[in-house]
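Colleague: I am new to this model and would like a close look at one part of it. Please start with the whole chain, then go to the place where two helices meet.

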Amino acid sequence: KLIHEEDVDERMRIVYLYGGIDEESSKKAIQSIKFLDQSEGEITILIKTDGGDWDSGIAIYNTIKECNNHVTGNNAAEKQAGLRAIDEIKNKILTT
């Protein structure tokens, strides 16, 4: 069982990435992605963020690249402020 149940829907295999991206939210997202990647099936990431810390975004991106399962994404809200790392995450998961 995950510690941060509000950040993941195990049954639907969805990770919720919302709010500002910082070290704490990045760790939660990475933990959720890795947890879901332990079993077979597509992983969906719902993204609703205005951006945040570059390094934290890149850590999430690198985790997605290492996944054994197919990862898709959905931008749940229009971005207000840009973060290149989040754009890279969106591009990677939407075109993989």
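Among contacts in the protein chain between residues at least 6 apart in sequence, what percentage join residues at least 24 apart? Then the close look: at what angle do helix α1 and helix α2 pack, and how far apart are their axes?

Modeller: First, a caution: this is a predicted model. Now your opening question. The share is 77%, counted among contacts between residues at least 6 apart in sequence.

Next, the layout. The protein chain has three helices and four strands. Read from the N terminus, the order is β-β-α-β-α-β-α. The chain holds 96 residues, and 44% of them count as buried. Its accessible surface is about 5,500 Å². Carbon and sulfur atoms account for 45% of that surface.

Now the helix pair. Helix α1 covers residues 23–37, and helix α2 covers residues 54–66. They pack at an angle of about 5°. Angles under 35 degrees count as roughly parallel, so α1 and α2 are roughly parallel to each other. Their axes lie 9 Å apart.

Which residues make the contact? From α1 come Glu23, Ser26, Ala29, Ile30, Ile33, Lys34 and Asp37. From α2 come Ser56, Ala59, Ile60, Thr63, Ile64 and Glu66. Sorted by class, this contact has six nonpolar, three polar and four charged residues.

Take Ile60 in this contact. It sits in helix α2. Its relative accessible area is 1%, under the 20% cut-off, so Ile60 is buried. Ile60 and Ala29 are 31 residues apart along the chain, yet their C-alpha atoms are separated by 7.0 Å.

Ile60 also belongs to the largest nonpolar core, which has 15 residues. Seven names touch the most other members there: Val15, Leu17, Ile33, Ile45, Ile60, Ile64 and Val71. The elements giving two or more residues to this core are β2 (14–18), α1, β3 (43–48) and α2. The largest share, four residues, comes from α1. Ile33 and Ile64 appear in the helix contact as well.

Now two charged members of the contact. Glu66 belongs to helix α2. Its relative accessible area is 58%, over the 50% cut-off, so Glu66 is exposed. Glu66 and Asp37 are 29 residues apart in sequence. Their C-alpha atoms are 9.5 Å apart in space.

Lys34 is in helix α1. Lys34 has a relative accessible area of 48%, between the two cut-offs, and is therefore partly exposed. Lys34 and Asn68 are 34 residues apart in sequence. In space, C-alpha to C-alpha, Lys34 and Asn68 are 9.7 Å apart.

One last stop, away from the helices. Arg13 is in the loop between β1 (8–9) and β2. Most residues other than glycine have a negative phi. Arg13 is not a glycine, but its phi is positive, at about 60°. Is Arg13 buried or exposed? Arg13 is buried, with a relative accessible area of 12%.

To recap the part you asked about: α1 and α2 are roughly parallel. In their contact, Ile60 is buried, Lys34 is partly exposed and Glu66 is exposed.

Conventions: Residues numbered from 1 in each chain as written. Predicted model: local features only at pLDDT ≥ 70, side-chain atom pairs only at ≥ 80, totals over all residues. Heavy atoms only, no water. Axes fitted to C-alpha atoms, helices over the stretch in contact; angles between N-to-C directions. Parallel < 35°, antiparallel > 145°, perpendicular 65-115°, else oblique. Contact = heavy atoms within 4.5 Å. Nonpolar A, V, L, I, M, F, W, Y, C, P; charged D, E, K, R; others polar. Buried < 20%, exposed > 50% of the residue type's maximum accessible area, 1.4 Å probe, protein only. Areas by Shrake-Rupley, 256 points an atom, 1.4 Å probe, with all protein chains shown as cover. Core = buried A, V, L, I, M, F, W, Y, C linked by side-chain atoms within 4.5 Å.
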